[in-house]
Amino acid sequence: MAERSFAREVEDLKLGEGEIFRGEGILAITKALLQSGVSYVGGYQGSPISHLMDVLADAKDVMEDLGVHFETSASEAAAAAMLSASVMYPVRGAVTWKSTAGTNVASDALSNLSSGGVTGGALIIIGEDYGEGSSIMQERSHAYAMKSQMWLLDPRPNLPSIVKAVEDGFELSEASNTPVMLQVRIRACHVHGQFVAKDNRRPAFTLKEAMENPVRDVNRIVLPPASFGHEKDKLERRWPAAVNFVKERKLNEFFGPETGEIGIITVGGLYNGVLRGLQQLGLADVYGESLVPIYVMNVAYPMIDDEVIAFCQGKKAVLMVEEGAPDYIEQGLNTLLRRRDIQTRISGKDVLPMGGEYTAPVMLKGLTSFLEAHASPLLGNRPPVPDPSPVLSDERVKALATVVPPRPAGFCTGCPERPIFAAMKLVEKELGPHHVSADIGCHLFSILPPFNIGGTTMGYGLGPASASAFNVEAGKRAISVMGDGGFWHNGLATSVGNAVFNKQDGVMLIVDNFYSAATGGQDILSSRAENPRRKTNNSIVAAVKGIGATWVRQIDRTYDVAKMRDTLREALTTKEKGPKIIVASSECMLNKQRRIKPQFAAAVKAGKRMVKERFGVDEDVCTGDHACIRLSGCPSLSVKETNDPLRDDPVAAIDNSCVGCGNCGEVSEAAVLCPSFYRADVIMNPTGWDRFLASVRSKVIGWLQRRRESRRVLFAEGA
Amino acid sequence: MDDASISGRARLSTAKPVTIAILAMGGQGGGVLSDWIVALAEMKGWVAQSTSVPGVAQRTGATIYYIETIPGDVNREPTLSLMPTPGDVDVVIAAELMEAGRSVLRGVVTPGQTTLITSTHRSYAVAEKEKPGNGIADPTLVISATDFAAKRTIAFDMEAIAAKNGSVISSALFGAFAASGVLPFSREDFEAVIRAGGKGIEPSLKTFAAAYDHALEKPKIDPKPKADKHLPPPPERTGHPVLDALVSKLKSSLPLSLQPMAYAGVRKLTDFQDPAYAGEYLDRLADLFSRDRQSGGEAHGFAFTAEAAKYLAIAMAYDDVIRVADLKVRGSRFDRVKKEVGVKGDQILYATEFMHPRMEEVCGTLPKGLGRWIEENKGLYDFLDRRVNKGRRVKTGTIFWFLGLYMVSGMRRFRRGTLRHAREMAFTAEWLDKALALLPKNYALAVEVLKCRRLVKGYSGTHVRGISKFDRVLSALPLLEAREDGADWLRRLRQAALLDEDGIALDGALKTVASL
């Protein structure tokens, strides 16, 4: 079950011809797929396209009605390989993932796919996670399109353009027998807007028909000599076919006056930013009127030479706006103009930065430099542009920079991964620090304060593999961490199999939280939920034993910090060779709460006896050292200042968001911290026996308390 | 400028969208607020575009949502930006005080244009919470920056308003936003959007209304810079002759200005042990005061005695097993837990304490000679420790466990004879002697020595670490006692010791002192 339900939004997928669709970019893409007569959809979740997968999963009824097959692929490689259905059959298929991380994983299949080419439209929707808020390395997906000769669409970031790009993409793919990548940047994935819907279409040719009438053509398989033929076919037939299609269908757009001394070429995804920059310089308005000619490349690859030449010819200078490095398009542009001997000056990365997101100030600065150099009269009287620098240079604001704390993402309240890393810290105190190879997933938050654990992260499911060099005699063992998501994505073979085969003498910690949690709580093979459409409940322990691991420990309640610590210590010190695998399992708290909160409330309402747990801190007992926080970092465990004049430091405090996971108590017990934590069990709808016991207890206890109080000489409270 | 571009410029529309940035932390409902604003604008025939960059920040990190909205025009579609331009944002809504500060640092708050709507409550970041000392950021710096940077500020504790009305902060922020009047829509329009939302409508509307009214009546309430310390003067009468005697002893032995702190100490120690113990405290304090006066303390406002009043009380009220048991079994504690947890109606509450006693604590509670004898007998000590040293879940609400703790707390009357007490008193004496020895030579440094007692806190390992830091800080005294700025250096060392757990900053600071 995914973190967010799209049950309501799924209704919008049923909208028909002429109706207005309102919603997020991701939803618009889903609708566009259905409008395009897609036969099958696959993909692997990850920001910013997680919701696309979630919507598709929630839309199973709509998809079934249309005869569309949807599956949650095991990895991006699996998703890309799925497109092979379109190689021989006229079926449209779409897959999606986070890029460039996912494209890296998928690239093997993508290369093979584009080499042989496709018959049915094959669309790869990539959520480009570049710039602010990104959680991955900063690279461009563009390179994949260039190296494999796939086409790359980069539409203007509004819903009608994105929807049109999906529809055009399939047609372009079919017209050129080439897979097409559709790149959507993170902000565009989440952009809310509207477009006019069309009716959904059933696929003209079904997968069933394909399976019952198999076709093969050895020339489509990547094997010599066919592979040499593929290369020739790509360059001599498919490429020109794509160029013709793009030209004829006018996929690229022109804005502003037809002629001008200068012009701007931009990829579609950056168009809104360019326009806002021009607007701030008084050269465009919010309705898209521009005084500067703009050529928008909604097709970022291939470049349509004739269109570019026509645009550049007669212009003194042209600014190329493309984000990230290397500057592939600008290089291509320069080569093209050189070959045709056209003297238009090309500006681009000389005024815009090579790396980093083209934020509004960056864009404004780049445009200004370009215009100043090549068309300063256009700038006219220079209306004032937005400028925060007087504010930012003020002393009061500079002082502010010293107090505003960083607030990176971290483990949620009650997260079951927190006690794992608390235990690791405790072991570290005993045995000293170890080399820790981290992986991708929520558990990577352990690299941040307060845990500060983890040295490298090489890729999804590669944590233990990235510790494989550390397999020599030494006084300490390397520890590697991998989540259940990474384990099934890649880790079973690449990390565990590799370690077993090579007798890797390290400790492998598999963090099992029952979901692909970091991407939004999707089910995976080992999820404990019953999912009627998937086979879940497949044991990680059985899997690792199945490929030969022998030292395997399962911890079924990660909150047991002492057990966690002892197991880790044992793994680090045992004489046994080969990988020591600890599978630490507890349900992701975010998902657990979403699951049990309504059940709990319903049970209480129905009058059933229920016990609600939460934690608290006795403020009188707490001494304000905050060691508990350094071993936890839970959002609900915070500090508060007291009005006790004899205290200098704030005391620990637990707020109402506490879910009673037990970590605080376990940590303070295991680490011998302090006795100030208590767990409060509130019995709701108590039984008669509960009430009887409680009344006896409170009578005895109350009597003892009063007895003590009467014998004690104390100042009155609050005096 | 040529004619073409002049006429071109004239042709351009001057319309601008209203730009709104929302800064929130993951889980605060920033997305809900953003959806409400979009729905409102669309309901009123405006075009609205929102976007966000949640990434992994959907967990607990800082997240920014951005909205642009503009009156609809049947003939043309606007092209809206997907990110804010610093210096060109009309409204910034911050769901927490430091996020308001962050918005200023991002340059999206400017004096000519921006209405800043922020909740003033704090949700402390890990960097603030994890410090062994007080890492809480100073809110006054945020206030002075936002006051300067924003055109207009609406700031009050919207989290509290939401909690009071049973909803979440997004409803309160929406109320304050409605009251700001930046969007020309009526209160009823805003409420209609909440009504169309589906979940928790009534509490949301109540919270919206409360925040709306608050924003109109008292748009700006600054948070207090620090918690007010409760320091009343000693009372005229206490209602008990023994306590009256204590108070009159206090009044007769100390000048008026020092009395409130000493009274706090007396209260604490009466509570910790008994009035006689508080009397001992006053005797020692009177002694320290006379030494203070001899050393010219009057010129320093008797700072030495003032700090001694505070830290001697803390030192004498050390945290031992008896103290912990005593605090856990009190009736007032039972009531407080009930209140904090929010027990209602016929619900029954039980508290479970997480304790981990070790033989060390047991020995500390034994009579001095016996405790020391066991400690010296390593075999016996280890044997007993194996039986004692484990985590225990103590259910204070059951008779068995309550009686156990009750009896431990009853050992209070033997406390003065325990090993722990002897050790604490020796430690205290040594510390005071150090300070007193410096008093005639370097008054300010002696005062700082007293303040270093702050470093000793916690239980078991934490306590050991605290004492080690205390020792390391004071190890610099020989280098500092002759220096006029010695007190400043000792203060810096103490601050460094409170920055991190392992004392890395302290090591650096000690090196600096050694190089002086």
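**Exercise 1. Find the loop of chain A that holds A:N177, and say what sets the backbone of this residue apart.**

Solution. In this predicted model, A:N177 sits in the loop of chain A that runs between α9 (159-176) and β7 (180-185). The next step is to look at the backbone angle, and here A:N177 shows a positive phi of about 50° although it is not a glycine. As background, most residues other than glycine have a negative phi, and most peptide bonds are trans.

**Exercise 2. Locate the loops of A:P225 and A:P326, and decide whether the peptide bond leading to each is cis or trans.**

Solution. Begin with A:P225, whose place is in the loop between α11 (207-212) and α12 (226-248) of chain A; the bond that reaches it from A:P224 is cis, with omega near 5°. Then turn to A:P326, which is found in the loop between β13 (317-321) and α15 (328-340) of chain A; the peptide bond from A:A325 to A:P326 is cis, with omega near -5°.

**Exercise 3. Describe the interface of chain A and chain B by its contacts, its buried area and the make-up of the side that chain A offers.**

Solution. Start with the contacts, in which 141 residues of chain A meet 157 residues of chain B. The area that the two chains bury between them is about 12,400 Å², and carbon and sulfur atoms account for 58% of it. Within chain A, the residues that lose the most area to chain B are A:Y287, A:R407 and A:F715, which together make up 8% of what that side buries. For the polar part of the picture, the rule finds 20 salt bridges across this interface, together with 59 residue pairs in polar contact. The element of chain A that gives the most to the side touching chain B is helix α27 (residues 688-710), with 13 residues. Sorted by class, the residues on that side of chain A divide into 76 nonpolar, 30 polar and 35 charged.

**Exercise 4. Explain why the salt bridge of B:K328 and A:D618 joins two chains.**

Solution. The structure holds 95 salt bridges over all chains, and in one of them the side chains of B:K328 and A:D618 meet at 2.9 Å, taken from N to O. B:K328 lies in helix α14 (residues 321-329) of chain B, whereas A:D618 lies in the loop between β21 (610-617) and α25 (627-630) of chain A, so the pair joins two chains.

**Exercise 5. Which strand of chain B pairs with strand β24 of chain A, and in which sense?**

Solution. Strand β24 (residues 677-684) of chain A pairs with strand β7 (residues 348-355) of chain B, in the antiparallel sense and over six bridges. To see the pairing at the level of residues, find A:Y678, which stands opposite B:E353 in β7(B).

**Exercise 6. Work out how domain 1 and domain 2 of chain B meet.**

Solution. First fix the bounds, which the domain assignment of chain B sets at 17-217 for domain 1 and 424-516 for domain 2. The centres of these two domains, taken over C-alpha atoms, are separated by 46 Å, and four residues of domain 1 are in contact with seven residues of domain 2. The area buried between the two domains is about 360 Å², with 57% given by carbon and sulfur atoms. Of the area that domain 1 buries against domain 2, B:K131, B:P132 and B:G133 supply 92%, more than any other three residues. The last step is to count the polar links, and the result is zero salt bridges and two residue pairs in polar contact.

Conventions. Residues numbered from 1 in each chain as written. Chains lettered and ligands numbered in written order. Predicted model: local features only at pLDDT ≥ 70, side-chain atom pairs only at ≥ 80, totals over all residues. Heavy atoms only, no water. Contact = heavy atoms within 4.5 Å. Buried area = accessible area lost by both parts, 1.4 Å probe. Salt bridge = Lys/Arg side-chain N within 4 Å of Asp/Glu carboxyl O. Polar contact = N/O pair within 3.5 Å; in protein donor to acceptor, adjacent residues only side chain to side chain. Helix = DSSP H or I, 4+ residues; strand = E, 2+ residues; numbered from the N terminus. Nonpolar A, V, L, I, M, F, W, Y, C, P; charged D, E, K, R; others polar. Pairing = 2+ DSSP bridges. Domains from an automatic or database assignment.
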